[in-house]
Amino acid sequence: MTGPVAFVTGGASGIGRATVLRLAGDGFRVIAADRDGDKLDALIGEAPAGGVETCVLDVCDRPAVAAAIAAPERLDALVCVAGIYQPRAFDAISDADFRAMLDVNLIGVFIAAQEAARRMTAGARIVTVSSRAAIGGTNFAHYVASKAGVVGLTRAMAMELRPRQIAVNSVAPGFTDTPMTRTMPPDQYARAQELELGGKAADPADIAGAIAFLASPATHFITGQTLFVDGGKSLGGLGL
Ligand code: NAD
């Protein structure tokens, strides 16, 4: 691969897929990693010729992630998008539910970021994807905890990697129209959407735009930040 290289976890679907296409359009050579091989195959057909490579892996599988991140001859940006969601009342969350959530959403970010940071050089960027849910939410406490963890991990990594001039930031999307949110019953989806800016869920491309900004070399002086891309709903005081 020649030119800047970006590695995107969860690149097969939703926000990750939009990010892969956006970064490829911005001139990155993109490696899209995901556990869903069929969706990765479909993505290749939509990407600019030669701009995207795919890699089937589970972000919890350290040796697979390490090998995939070590493969390209350079690594300019890592974007950690892979994540899972599970609606569940606090009282009904099992230990196994909680551990599974943390495994993918938090430890999966840690593994990829640590492997990437070990080989990155000055000027490289890491972008994590947290969520507006990092500030709270009902019926998914384990998801909220995992995303608050991503914000904390992002800040800690930014502080430790700062001397090496590796920037680490997070994008916190609000309710976004992706296969993840479309698993909600349609009436529930419609009610959730009504609370958003303009009565609409965000488009994955809206989130990808913010990720692309933080993945670009122009933003090297921004680090440790979490950028909420949620139509302002996280501000509170909006009668919501
Ligand atoms: P999505 O389900 O469309 O995409 C998630 C992708 O991650 C899928 O391709 C899936 O195969 C992959 N993935 C899941 N677990 C994996 C694993 N262990 N290893 C490798 N790949 C794995 O969901 P999305 O809505 O695009 O979500 C992307 C990210 O954005 C997630 O981290 C999610 O928590 C976050 N987010 C989404 C929303 C929203 O409203 N959609 C809001 C805030 C944050």
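# Chat: cores, sheet and crossovers

Me: Which residues is I69 in contact with, leaving aside its neighbours within four places in sequence?
Reply: In this predicted model, I69 is in contact with F7, L75, L78, A112, E115, A116 and R119.

Me: Where does I69 sit, and which residues of its helix are buried?
Reply: I69 belongs to helix α3, residues 62-70. The buried residues there are V65, A68 and I69. Seen down the axis of α3, they fall within an arc of 95 degrees, so they line one face of the helix.

Me: What does that face pack against?
Reply: The buried residues of α3 pack against three strands and a helix. The strands are β1, β3 (52-56) and β4, and the helix is α4 (95-119).

Me: OK, the core. How many residues are in the largest nonpolar one?
Reply: That core has 31 residues. Those with the most contacts inside it are F7, L57, I69, L78, M120 and I126.

Me: Which helices and strands supply at least two residues each?
Reply: β1, β2, α3, β4, α4 and α5 (141-161) each do.

Me: Which one gives the most?
Reply: α4 does, with seven residues.

Me: What about a second core?
Reply: There is a separate one of 28 residues. V8, L43, I211 and A215 are among them.

Me: New topic, the sheet. What order do the strands come in?
Reply: The order is β3-β2-β1-β4-β5-β6-β7. The sheet is open, has seven strands and pairs in the parallel sense.

Me: Which strands stand at the edges?
Reply: β3 and β7 (226-229) do. Each has a single partner strand, so one side of each is left without a neighbour in the sheet. As for twist, it averages 20 degrees from one strand to the next.

Me: What actually holds paired strands together?
Reply: Strands of a sheet pair through backbone hydrogen bonds, either parallel or antiparallel.

Me: Let's zoom in on β1. Is it mostly covered or uncovered?
Reply: Strand β1, residues 5-9, is mostly covered. Five of its five residues are buried.

Me: Which way do they point?
Reply: V5, F7 and T9 point one way. A6 and V8 point the other way. All are buried.

Me: How many bridges does β1 make with β2?
Reply: Five, in the parallel sense, with β2 covering residues 29-34. One position to look at is T9, which stands opposite A33 in β2.

Me: How does the chain get from β1 to β2?
Reply: It crosses through helix α1, residues 14-25. This β-α-β crossover is right-handed. Helix α1 lies across β1, β2, β3, β4 and β6 (167-173). It runs at about 170 degrees to β1.

Me: And how many bridges join β1 to β4?
Reply: Four bridges join β1 to β4, residues 77-80, and the two run parallel. The bridge partner of T9 in β4 is C80.

Me: So what is the bridge partner of C80 in β5?
Reply: T128 is. Four bridges join β4 to β5, residues 125-129, again running parallel. α4 packs on the sheet too, touching β1, β4 and β5. The direction of α4 makes about 175 degrees with that of β4.

Me: Is β5 enclosed or open?
Reply: Five of the five residues of β5 are buried, so the strand is largely enclosed by the rest of the structure. R125, V127 and V129 are on one side, with I126 and T128 on the other.

Me: What stands opposite R125 in β4, and how does the chain cross over?
Reply: A77 stands opposite R125. The chain crosses from β4 through α4 to β5, in a right-handed β-α-β crossover.

Me: What comes on the β6 side?
Reply: β5 and β6 pair over five parallel bridges. In β6, A167 is the bridge partner of R125. The chain crosses from β5 through α5 to β6, and this β-α-β crossover is right-handed.

Me: Last one, D230. Where is it, and is it buried or exposed?
Reply: D230 is in the segment after β7. Its relative accessible area is 7%, and buried means under 20%, so D230 counts as buried.

Me: What does D230 touch?
Reply: Not counting residues up to four places away in sequence, D230 touches R132, P173, G174 and E196.

Me: How far is D230 from L57?
Reply: They are 173 residues apart in sequence. In space they are 29 Å apart, C-alpha to C-alpha.

Key. Residues are numbered from 1 along each chain as its sequence is written. This is a predicted model: local features need pLDDT of at least 70, side-chain atom pairs count only at pLDDT 80 or more; totals for chains, interfaces and linings use all residues. Side-chain values use heavy atoms; hydrogens and water are left out. Buried means under 20% relative accessible area, exposed over 50%, partly exposed in between (1.4 Å probe, protein chains only). Two strands pair if DSSP finds at least two bridges between them. A crossover is right-handed if, with the strands pointing away from the viewer, the path from the first strand over the helix to the second runs clockwise. The arc is that of the directions from the helix axis to the C-beta atoms. Contact means heavy atoms within 4.5 Å. A nonpolar core is a set of buried Ala, Val, Leu, Ile, Met, Phe, Trp, Tyr and Cys residues joined through side-chain atoms within 4.5 Å. Axes are lines fitted to C-alpha atoms, for helices over the stretch in contact, and angles run from 0 to 180 degrees between N-to-C directions.
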